[in-house]
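Here are my notes on the strand pairing and the charged pairs. Please read them with the structure open.

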Amino acid sequence: MKILYFAWVRQKVGRAEEAVAPPPEVTTVAALVDWLAAQSPGHADAFANRRTIRCAVNQDFATPDHPVAAGDEIAFFPPVTGG
Amino acid sequence: MATVRVQEAAFDLAAESALLAAGRTDIGGMASFVGLCRADDGLAALTLEHYPGMTERAIAAIAAQAEARWPLTGCTVIHRVGRLPPGEPIVLVLTASSHRAAALESCAFLIDWLKTRAPFWKREEFADGRERWVEAKAEDDAAASRWEAR
C-alpha cells in the first residue's frame, strides 16, 4: 500500500510518501498506525498522539476502524486548516 | 456543476463573477467570500499545503452539497496554495442564484465546510524566522456544525 504524509506528520516522519507491505493482521487504519509507529523514531514521534492525526483511505476521510488493504492509498495528516 | 480550482496563481473576483453571469438572465443575486492572509503577530507569510487529488474531490463534494441544499445557478471555489504574504487573497467562494438568500447562505456554508473538510494545511512564517503549523480551531468546527441539522 502507498502511504502519504502531510504537514507536520510529513516533517516528523521525514518523508512525503512510502510504499509499505505490513503483515496480514494489519487490516484497519488503527492497526496500520500501530505498525507504522514501530518503523522508526520519526514515525513514532509523528504518531505519538493519535488524537491529533487524521486519515484518508483512497482520498476519503476514514476513521480508525476503517479497513485497509494492499493497493490502497492511505494518507495521514493533522486536522485541516485551510480557507 | 461547480467550478473548483486549486492553484498558486491569484484569482480575479470580477472575472470569475462575469463568467458565472455570462449569457444568463435568471440570476437574481451573487454572493462572494474572499479570504485574505492577515498579518498577525509579525507574520511574514503563510505557506499552504494540500493533498493533490483529494483536495479537489473534497471541495467538489462540498460544492455538490451546496447545490443539493440551495437552488444555485452557479458556484465557483478557488483555493490558492504555496507561499502567500499578508494581504494576498487565499480563497474565493462565489455563488449565484435567482434569489439572494440562497446565494448568501450557500456562500457561508461553503466557506464554513471548506475550512473543516478540505485538506489544506497552513504553516506560519514570522519575521524573526520562527515557523509553526496553524492548529485547527474549535470555533471553525462550531461554525461548520451549525449547518448539520439543516
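1. Start with Asp40(B) and Arg38(B). Their side chains meet in a salt bridge, with N to O at 2.9 Å. Keep in mind that this is a predicted model. Asp40(B) is partly exposed, at 30% relative accessibility. Arg38(B) has a relative accessible area of 59% and is exposed. The cut-off for exposed is over 50%, so Arg38(B) passes and Asp40(B) does not.

2. Next, Arg117(B) and Glu148(B). These side chains also form a salt bridge, at 2.7 Å from N to O. Which parts of chain B does the pair tie together? Arg117(B) belongs to helix H3 (residues 100-117) of chain B, while Glu148(B) sits in the segment after helix H4 (138-145) of chain B. The two parts are 31 residues apart in sequence, so the pair links them across that stretch.

3. Are Arg117(B) and Glu148(B) buried, exposed or in between? Arg117(B) is partly exposed, with a relative accessible area of 30%. Glu148(B) is partly exposed as well, at 46% relative accessibility. Buried would need under 20%, so neither residue counts as buried.

4. One salt bridge to check between chains is Asp60(A) with Arg57(B). The closest N and O atoms are 3.1 Å apart. This pair crosses from strand E4 (residues 60-62) of chain A, which holds Asp60(A), to helix H2 (residues 54-69) of chain B, which holds Arg57(B). Asp60(A) has a relative accessible area of 44% and is partly exposed. Arg57(B) is partly exposed too, with a relative accessible area of 40%.

5. How many salt bridges does the structure hold over all chains? The total is 16. The pairs above are among them: Asp40(B) with Arg38(B), Arg117(B) with Glu148(B), and Asp60(A) with Arg57(B). As background, side chains of opposite charge can pair when their charged atoms come close.

6. Now the strands of chain A. Strand E1 (residues 2-5) of chain A pairs with strand E2 (residues 17-19) of chain A. The sense is antiparallel, over 3 bridges. To find the register, look at Leu4(A): its bridge partner in E2(A) is Glu17(A).

7. E1(A) also pairs with strand E5 (residues 73-77) of chain A. In which sense do E1(A) and E5(A) run? They run parallel, joined by 4 bridges. Here Lys2(A) stands opposite Glu73(A) in E5(A). E1(A) thus has an antiparallel partner in E2(A) and a parallel partner in E5(A).

How values were computed: Residues are numbered from 1 along each chain as its sequence is written. Chains are lettered from A and ligands numbered from 1 in the order in which they are written. This is a predicted model: local features need pLDDT of at least 70, side-chain atom pairs count only at pLDDT 80 or more; totals for chains, interfaces and linings use all residues. Side-chain values use heavy atoms; hydrogens and water are left out. Two strands pair if DSSP finds at least two bridges between them. A salt bridge is a side-chain nitrogen of Lys or Arg within 4 Å of a carboxyl oxygen of Asp or Glu. Buried means under 20% relative accessible area, exposed over 50%, partly exposed in between (1.4 Å probe, protein chains only).
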